[in-house]
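Here is a short report on local features of one model. Please look at the sequence and the structure first.

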Amino acid sequence: MKRNLIVLSSVMVLVLMAFITATLYAKSSDLDNFNIKYGTSGTALNTCSLCHTSVPAINSYGTAFKNSGRNFTTIEPLDSDGDTFTNIAEITARTFPGDSSSKPTSDTTPPSVTSFTIPATSSSLTVSVTALSATDNVGVTGFLLTESA
């Protein structure tokens, strides 16, 4: 009887450890997948706080992720934390989409072009830009070149 109880206890401990390991692995792989999709490794968003208030409790973004069948793209247009910014706007700004006190700052400073170089002459209407760089107080995410001032 005592031997059966020890074997049963050992099996239960192994099952519990396997469950905990599988649960932790799932959470880690979700964060890894998020970082790959949005390029957030090494940023403030590379943390369990993205989806959790405290593990295992989840925040509003974690709830939306869970309810979407673990699909990040599906919940991008939502505003999970109700702060008037979509989840994708918050992710792009590197703020937490599940925390209403964490929201993007408004960018009111125009960017400054620090480098722009094209060839002095061209034999066609297509001109290659050989250098283009700009700075901004929040960040430069793209550019537009036109033929007019």
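## Local features

Thr95 touches Leu45, Glu90, Ser102, Lys103 and Pro104, leaving aside residues up to four places away in sequence; contact means heavy atoms within 4.5 Å. Thr95 is found in the loop between helix H4 (87–93) and E3. Thr95 is buried, at a relative accessible area of 10%. Buried stands for under 20% relative accessible area, exposed for over 50%, and partly exposed for in between (1.4 Å probe, protein chains only). Helices (H or I, at least four residues) and strands (E, at least two) are DSSP runs, numbered from the N terminus.

This is a predicted model: local features need pLDDT of at least 70, side-chain atom pairs count only at pLDDT 80 or more, and totals for chains, interfaces and linings use all residues. Residues are numbered from 1 along each chain as its sequence is written, and side-chain values use heavy atoms, with hydrogens and water left out.

**Helix H2**

Which residues of H2 are buried? In H2 (residues 60–67) they are Tyr61, Gly62, Ala64 and Phe65. They lie on the same side of H2 because they cover an arc of only 160° around the axis. The arc is that of the directions from the helix axis to the C-beta atoms. Exposed Lys66 and Asn67 sit on the face turned away from the buried side of H2.

Asn59 caps the N-terminal end of H2. One of its side-chain oxygens lies 3.0 Å from the backbone nitrogen of Tyr61. Just after H2, Gly69 takes a positive phi of about 75°.

**Backbone geometry in the loops**

Two residues other than glycine also have a positive phi.

| Residue | Phi | Loop | Relative accessible area |
|---|---|---|---|
| Thr84 | about 75° | between helix H3 (72–75) and H4 | 70%, exposed |
| Arg94 | near 65° | between H4 and E3 | 30%, partly exposed |

A cis peptide bond joins Val55 and Pro56, with omega at about 15°. Pro56 is in the loop between strand E1 (52–54) and strand E2 (57–58).

**Nonpolar surface patch**

Val113, Phe116, Ile118, Val127, Val129, Leu132, Phe143 and Leu145 make a nonpolar surface patch of about 730 Å². Patches take residues with over 30% relative accessible area and no salt bridge; nonpolar side chains (Val, Leu, Ile, Met, Phe, Trp, Tyr) are joined within 5 Å, like charges within 9 Å. A salt bridge is a side-chain nitrogen of Lys or Arg within 4 Å of a carboxyl oxygen of Asp or Glu. Accessible areas come from the Shrake-Rupley method with a 1.4 Å probe. Val113 belongs to strand E3 (residues 112–117). Val113 is exposed, with a relative accessible area of 56%.

Technical notes
A polar contact is a pair of N or O atoms within 3.5 Å; within protein, one must be able to donate a hydrogen and the other to accept it, and residues adjacent in sequence count only if both atoms are side-chain atoms.
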